[in-house]
Amino acid sequence: MIILEKCPFSVEKLKYLNLLAKSYKNINAVQSKIIDLQSVLYLPKATEHFLSDIHGEFDAFYHVINNASGVIKNYIIELFDDEMSEEEKKELATLIYYPKEKLYYLENQGKVNKEWLESTLKRLIELTRRVGSKYNTEKVKEAFPKDISYILQELIFESPENRHKDLYYKKIFSEIINMEAYEVYIIELSKLIKRFAVEHLHILGDVYDRGENAEKVMDFLINHHDADIQLGNHDIVWYGAFTGCEALIANAIRIAVRYNNLSTLEDGYGINLLPLVRFALDEYKDDPCTKFIPKGDHLESERDMLAKVHKAITVIQFKAESKIIKRRPEFKMAHRDLIYSMNKDFTKVKAYGKEYPMEDSYFPTLANGTDYTKEERAIVDKLVDSFKNSAKMKEHMKFLVEKGNIYSIYNDNLLFHGCIPLNEDGSFTVTDFMGTWLKGKELLDLLNDTVKKAFYTNENREYYNDILWYLWCGEDSPLFGKTKMTTFERYFIKDKETHKEPKNPYYYFRDDEKVIDNILKEFGVTNQIGKIINGHVPVKATHGENPVKANGKLLAIDGGFSEAYQKTTGIAGYTLISNSYGLVLATHEPLKGVDEVVENNFDITSETHFVLKYENRRRVNETDLGRALRDRINDLNDLLEAYKKGYLAEEK
C-alpha cells in the first residue's frame, strides 16, 4: 500500500517559495546560504552610533561622524599603540577623518614620501581589515568601490604573512605609489574604515534650527548606508512647513531670522524671502523693532532689515496660530491666544488672569484683528507655494517620512526625542486626541501614523497641518514635552516669571527607576539591558547633571551641539556608542575650525566611558537583525524541504 504524503505547505507559502527559488535555484545554493546566515548569527553585534539635537551644526556633526565618537581612535590605539608616537596616532586619525584635506596639508609640508605612503597604506589596510572583521566577506565586498575592488580584495582578504605572495604585495604597494594612485586609495580606505566602524546611525531628533547647515546634515543622512531618525519638535516645524502649515512656515522663518541664519532657507531650499523683506521694510519703516534684533554680529544696515523681517513674520506667526487655536478648541489652548488678548491700543495684554504692560505696542497690521491683511495674505500664499515646491525640501521631508518616527525600538532600546507624557504621579497622561482617549504607546502610535499620512494625503489638509503644529507646541505633545511655549511672552512681556516653560512631569521622573521600567514595559521592552535613549533637553554638565539616569535605565544625550546651548551645558554634546561589549558614552568639546583640526590634529572627543558592560559579548543572534535572519533561515529550510521532497524542481 502506497501512502501519499500531504504537502505541508499552503498554496500561499508555495507561491512565496517559488519566488525565493529564483534567488536560490537548487539544494546546494540553499544550503550554502543557510550555512552563511547561521554563521552570521554568531558574529559580534555591529556598532550603533546615537546622536541628538544637531540643530544645523554640520561641521560638528560631521566631525563626530568621522571620528565615530572615539571608536576610530580606539582602533588605532589597539593596533598601533606600541609602534606609533602619540602625535603619529593623532595624525593617522585626522587623515582618516579628513583624508583629502589632511593629505593635501601633509604634501604641502613635504611629509609625503614613499616611505610614509607605504607605511600609511599598510596601516589603513590593517585598520580596514580590523573594523571589517565584524562582518562576513560578502558584506565587506559590497562596500568596496567597484573601480578598485579587485586590488582591495587582494590586500584585505589575503593574509599579509603569506610568504608565497610577499613580493606580490610589495609590488601592489609600490605600483600604487609609483602611479600616484595613492590619493584614491587613502580616501577610499578612510571611507571604508568609517563605514565599518559604525553599522547603524540613530539621530534622536532636532536636525533643524539655530545652526546654518541643516540641509547638509539631511543630505548626509540620505546618503548614509543605514540611518534612521526619531522626529524632534524642530524637525516637525520644517516638515509641517513643507506640507503647507502657515503657522509652521512662519515659525521656521522666524527662528532662522532670530539666529541670523537664512542660508538654509535661501541657499539650501531656495525659499524666496524677497516679498517678505519688501513688506517688512515698508510696513515697519518707522519702527526700530528693537525687541527683534537678531542674535549675533551683523552690519548695522543688515541688522535693521533683519529686525523688521523678524517682527513682520512673528506677527504673521501669531495670527496663524490664533486661527488654529480658534478652530481647534479640542487643543485646549485658548489661554495661549495672547495676540487676541491684547487691548485695543496694544499697550496691555491679559495673561494668567492679570494684565501686563506690553514691551512693544506698534502693530500696524492688527487694525482688523488677527485676520491677515491683504498684503500679508499675498505673502503667506507665496511662502506656502515656495515651501511646497522646493525640490530639495521635498527630498528631505520624504526621508523624514520613510526613515523617521516619533519613537523606535531598536535592539531592545526605546528611542525618542522628547518625552512620554506623564501625570504628576508618574502615570501615563490620558489625552483626548481628536475624540479618542489615548495614552503611552497608543498615543505615540497614532501620532506617528498621523505624521506619515500628513505627507501623502491631499484630503483634510488643514486637519493634518493643525496636528503638526500641535506637535510643535501642544501640552501633551511627546515632541515638545512642556506645558506651554512662551514665545509671545518672551517678546512682549517684561516679567520673566511669564517666560517660564514648565516641563512635563516625565523630566522629573527620569531618575525614577520604577517609572522608567514602567515606560519600557509599556513599549514592550522587557530585556534587562533595555534602555530609554533620548535628547531634547540639554544636560547641564557644568551644574553637575549626569546624563545617565534611573540607575542606568535612561541615557539623555543632548549636551548641546548648538553653540547657543554651550554656555549653559559647558560641553558640545554627548553621543552614545552601542557595540558588542556594551554602551559607551562620549563627551565632546566644542569643535574648532576644520583647518585647525587638519593642521593640529585637534579632536573633539574628550572622554569616553562604559555606562553598561554586557556580561558576555553580544552576538548578532541577540539583535533585531538576528531575529530577521532566523526568519530568513526558516524560510530557506522550507525551501530546502520543498526541493528535497519534490514540491519544487531544482535548476542545475
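In the predicted model, helix α3 is followed by A68, a residue whose phi is positive, near 50°. The helix itself, which spans residues 58–67, is largely enclosed by the rest of the structure, because eight of its ten residues are buried. The buried positions of α3 are F58, A60, F61, H63, V64, I65, N66 and N67.

Positive phi values also occur in the loop between β2 (200–203) and α12 (214–223), where D206 lies. Although D206 is not a glycine, its phi is positive, at about 60°, and the residue is buried, with a relative accessible area of 2%. The loop between β2 and α12 also holds R210, another residue other than glycine with a positive phi, in this case near 80°. With a relative accessible area of 17%, R210 falls under the 20% limit and is therefore buried.

The packing of nonpolar side chains is described by a largest core of 190 residues, in which V207, L221, Y239, I253, W469, Y506 and I519 touch the most other members. Helix α17, which covers residues 300–327, gives the most to this core, contributing eleven residues. A second, separate core comprises 21 residues, including Y24, I27, I633 and L640. For I253, when neighbours within four places in sequence are left aside, the contacts are with L265, L273, L276, I313, L383 and F387.

Two of these partners, L383 and F387, recur in the contact between helices α14 and α18, in which E246, I249 and I253 of α14 meet R377, V380, L383, V384 and F387 of α18. Classified by residue type, this contact of α14 with α18 has six nonpolar and two charged residues, with no polar residue taking part. The axes of α14 (residues 246–258) and α18 (residues 374–388) come within 10 Å and cross at roughly 85°. Since angles of 65 to 115 degrees count as roughly perpendicular, α14 is assigned as roughly perpendicular to α18.

Side chains of opposite charge can pair when their charged atoms come close. The structure holds 44 salt bridges, and several are described here individually. K13 forms a salt bridge with D635, for which the closest N and O atoms are 3.1 Å apart. This pair links distant parts of the chain, as K13 belongs to helix α1 (residues 11–21) and D635 to helix α26 (residues 624–644), with the two positions 622 residues apart in sequence numbering. D635 is buried, its relative accessible area being 17%.

A salt bridge within one helix is formed by the side chains of K89 and E86, with an N to O distance of 2.8 Å. Because K89 and E86 are three residues apart in helix α5 (residues 86–97), they are separated by about one helical turn. The two partners have contrasting surroundings: K89 is buried, with a relative accessible area of 7%, whereas E86 is exposed, with a relative accessible area of 52%.

In the salt bridge between R195 and E199, the closest N and O atoms are 3.0 Å apart. Here R195 counts as buried at 17% relative accessibility, and E199 likewise counts as buried at 12% relative accessibility. Beyond such pairs, R327, R328, E330, E462 and D466 are linked in a network of salt bridges. R327 is also the final residue of the range given for helix α17, residues 300–327.

Strand β10, which consists of residues 436–438, includes T436. With a relative accessible area of 37%, T436 is partly exposed. The C-alpha atoms of T436 and K644 are 53 Å apart in space, while the two residues are separated by 208 positions in sequence. K644 occupies the end of the range of helix α26, residues 624–644, the helix that also carries D635, the partner of K13 in the salt bridge described above.

Conventions. Residues are numbered from 1 along each chain as its sequence is written. This is a predicted model: local features need pLDDT of at least 70, side-chain atom pairs count only at pLDDT 80 or more; totals for chains, interfaces and linings use all residues. Side-chain values use heavy atoms; hydrogens and water are left out. Axes are lines fitted to C-alpha atoms, for helices over the stretch in contact, and angles run from 0 to 180 degrees between N-to-C directions. Helices (H or I, at least four residues) and strands (E, at least two) are DSSP runs, numbered from the N terminus. Angles under 35 degrees count as roughly parallel, over 145 as roughly antiparallel, 65 to 115 as roughly perpendicular and the rest as oblique. Contact means heavy atoms within 4.5 Å. Ala, Val, Leu, Ile, Met, Phe, Trp, Tyr, Cys and Pro count as nonpolar, Asp, Glu, Lys and Arg as charged, and the others, Gly among them, as polar. A nonpolar core is a set of buried Ala, Val, Leu, Ile, Met, Phe, Trp, Tyr and Cys residues joined through side-chain atoms within 4.5 Å. Buried means under 20% relative accessible area, exposed over 50%, partly exposed in between (1.4 Å probe, protein chains only). A salt bridge is a side-chain nitrogen of Lys or Arg within 4 Å of a carboxyl oxygen of Asp or Glu.
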